[in-house]
Amino acid sequence: MAEAGPRPGHEERRGPGRDGDIAVIGVSGRYPQAEDLDEFWSNLRSGRDCVTEVPADRWKHDELYSPERGVPGKAYGRWGAFLDGVDRFDPLFFGISPREAEVMDPQQRLFLETAWRLLEGSGLTQERLERRYGRRVGVYVGSMYQMYQADDEDVVRSAMTSATSYNLIANRVSHAFGLEGPSLAVDSMCSSSLMAVHLACADLRRGESTLAIAGGVNLTLHPNKYLSLSQAEMLGSHPGSRSFRDGDGYLPAEGVGAVLLKPLTEALRDGDTIHAVIRGSASLHGGGANQFMRPSYGTQVNVLRRALEQAEVEPESIGYVEAAANGASLSDLVEVRALREVFSGVTEPVALGSVKSNLGHPEAASGIAQLSKVVLQLRHAELAPLVEVGRANPDLGLEGGPLRLCEGPSSWEPRRSGGDGAAGAPPRRALINSVGAGGSYVSMVVEAPPETGDVSQEDHGDAAERQLVVLSAKDTDRLRATARRLLDLTGDGAARPSLRDLAHTLQSGRDHLPERLAVVVDSLDELRAVLGRHLDTGPEDAGSDAGLHTGNAERDAGPVRAVVSGAAGEVFLSALVADRELDRLAALWTCGARIPWDGLHRGRAPRTLSLPTTAFQRGSYWVGRTWHPRTEGDGAARPVPGEPPAPPTPDEPSGEVDLRRYLESFFGEALGLAPGDLPFDGDLQSVGADSILWVRLRRALDADLGLRLSAREIAESPTLERVLARLEDKRAERSEAPTAPDAAEVPPSSAEPGADRVRAARTRALERFRRGEIGRDELKELMKKETTGA
């Protein structure tokens, strides 16, 4: 249960600033034909058209399509914008079993990955979430469709996929990262994700959360969407039905995105990277003014003005409007009319655009796509053009007013005046408008971040100081992928990062995973050279380069971790940090030591950079397909969930069942893993085993083998190895009573090494390591020998 306030030992947080401004300190997302926001911006800036026909891997749309309207069971539209690989996911990375992943709504999976990238890209580790924010982090996600269902013939999975909830999208994220703030899904139809951001900002101002993840997700997974939109005549019939064009409906689009939000005063105090500032927002409903689901001119005028009032800015200060225009002529005309009213009297031109020109209509993810576009335009000080497709809408009536369509790419020039009489030009500022078909409207004022004077380039005076750069991943393949991405990031370019900031971000802004690589260098060029040689030679030659250290924090921990644990170990590590013994720190860190990183950086506080995030290793998890994969060179198929496991058969000459094979079969069927993919000596929770599965195992063992494990024995045996050992013991006890050993055969306790001698051995080894007389491997061997008395 979430606690009411910060826990003992947490840093005390001051309340939000008087103006209530909210900083956007992180942004992440995937959109059609864009795996990340860099690709998204490239598409926006170039005016790329991301609309296509329905992909063949979704469904056979030709069998559904008819150009005639009103044909039962047919859709008159065939265009939209789609994400690639919505069936793909990396479940084991998140401790989710493949079996569970398959029945999860893909919207949960996509938003979970997006949240990981958001937090990791912002340098937020579990330690920081605990210490700095007390885990009072809210999750707010907009969503409106639940169309992921198994075939009716698959009774088990059909029931599981039909009984899901939108709220699981947010709750999955809260659970995965241990976040204890509000966690909720929002469905206000096409304004859902901007509504989620609006609610998150309100909770931050009230102190309900100290940090917030807000965004949305939208997928088109079933042809029923096209059928229903056709029946309602809301679907666009041609690919030119776009924003501010002569369209007859909207083209559905997919997307997922999120922002990380924090009170501006606290973001400035903590030195966070600020991408944009949310000055104010407002939400209203159209009430009963018009027919249901008909856009309201009056409500749009009111909500736009209310957002400006909340932001305490004048219309004259707005340089860009990100419109809700979705391609339906009537909706676009009503919105333009409302905007003309709000900006009447403004003499300086106001740019008008919409992300839906490029994508079509992302529905529940529209607001987050709009906000992400505005953030990217502020970052680059450019305005993206509308896509050159379709016929212009002759009835827009923009003549005589300040609104100007973004017909081509242009720079985003500051306004000459904010309209409030204040001296100086206001920051670049945008007004976002989002409209839900059911009558829920949201508007938001967003502006450029304040100038902080931070230097992010390499030549700020401390570039020559040697730095320890660390990388980690769950396995060697992922580690090499991470090293490759860092190599690409540090290539020749106009914005190479500071080596000091880079090292700090990777030390303190990443959760450290088992497989590790550390490099001690004094320049980015040297870092690139070492990483390049490492990637060229392969992991088997990892130790051949001076200054390069590799290891596994779980496999290699052993006596080294024992030496650096406890109060004496902390003193030792602090001394190494104070003396900047970087090579020894690198050697210890790769073995799992916890390094007090902050002590390495003296003088100017380093900045946390936005760096490439973890590369996922995705597989296909989709109802009806996952459970019969064919791997290259292997014709074996994985078991089908829901089918009872085959009854155990004797495998040994004694007629007994092979217990290891039995356990591998049980867990493999339950988790959707091949026996070779199950960790034998690793915690089964890491692959999705939960308390329900352990209860099932107890029942199965009793029914199939007549072996009983108590709840305590299960709790003390989280691995296959330990469960197997307990079962073998119980089977041996059942077959014959154990014989008590003769007392003379029991070695005396005095033969064991004493505690004093162990402590002395550790002290000697520690001092020799500190003096540089021995290396990491020698320390491990020496400590093993000294501690065991070998």
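**Notebook: strand β7, its sheet and a second sheet**

I began in the predicted model with β7 and β8, and found that the two strands run antiparallel and are joined by seven bridges. Looking for a residue pair to anchor this pairing, I noted that Ala 212 stands opposite Leu 261 in β8. I then turned to the other partner, β5 (residues 137-142), which pairs with β7 in the parallel sense over six bridges; here Val 137 has Leu 211 of β7 as its bridge partner.

Next I asked myself how many residues of β7 are buried. The count came to eight of the eight, so I describe the strand as largely enclosed by the rest of the structure. I keep in mind that in a regular strand the side chains alternate between the two faces of the sheet. Going through the faces of β7 separately, I listed Leu 211, Ile 213, Gly 215 and Val 217 on one side, and Ala 212, Ala 214, Gly 216 and Asn 218 on the other, and all of these are buried, which leaves both faces covered.

I followed the chain past β7 (211-218) into the loop that leads to α8 (224-231), where Thr 220 lies. Is Thr 220 buried or exposed? Its relative accessibility is 0%, and because buried means under 20%, Thr 220 counts as buried. Leaving aside residues up to four places away in sequence, I found Thr 220 touching Arg 58, Trp 59, Phe 82, Lys 225, Tyr 226, Pro 252 and Glu 254.

Stepping back to the whole sheet, I read the strand order as β6-β5-β7-β8-β1-β9-β16-β15-β10-β11-β13, an open sheet of 11 strands with mixed pairing. The edges are taken by β6 (183-186) and β13 (403-405), each of which has a single partner strand, so one side of each is left without a neighbour in the sheet. With direction ignored, neighbouring strands of this sheet are turned by 25° against each other on average.

Further along the order, I looked up β10 (residues 320-322) and β15 (residues 429-435), which run parallel and are joined by three bridges; the partner of Tyr 320 in β15 is Ala 430. I then checked which helices pack here. Helix α11 (residues 329-342) packs on the sheet, where it touches β10, β11 (350-353), β13 and β15, and its direction makes about 140° with that of β13. Helix α13 (residues 366-380) also packs on the sheet, its contacts including β1 (22-30), β7, β8 (255-263) and β9 (276-285), and its direction makes about 170° with that of β15.

I moved on to another sheet, an open one of three strands in the order β17-β18-β19 with antiparallel pairing. Its edge strands are β17 (467-473) and β19 (548-552), each pairing on one side only, and the twist averages 15° from one strand to the next. Between β17 and β18 (residues 515-521) I found seven bridges, with Leu 468 opposite Val 520 in β18. Two helices lie across β17 and β18: α14 (residues 476-489), running at about 135° to β17, and α15 (residues 499-508), running at about 40° to β17.

For context I closed with totals. The protein has 25 helices and 20 strands, and 54% of its 790 residues count as buried. Among contacts between residues at least 6 apart in sequence, 78% join residues at least 24 apart. The exposed area is about 34700 Å², of which carbon and sulfur atoms supply 48%.

Technical notes:
Residues are numbered from 1 along each chain as its sequence is written. This is a predicted model: local features need pLDDT of at least 70, side-chain atom pairs count only at pLDDT 80 or more; totals for chains, interfaces and linings use all residues. Side-chain values use heavy atoms; hydrogens and water are left out. Two strands pair if DSSP finds at least two bridges between them. Helices (H or I, at least four residues) and strands (E, at least two) are DSSP runs, numbered from the N terminus. Axes are lines fitted to C-alpha atoms, for helices over the stretch in contact, and angles run from 0 to 180 degrees between N-to-C directions. Contact means heavy atoms within 4.5 Å. Buried means under 20% relative accessible area, exposed over 50%, partly exposed in between (1.4 Å probe, protein chains only). Accessible areas come from the Shrake-Rupley method with a 1.4 Å probe; for residues, only the protein chains shown count as cover.
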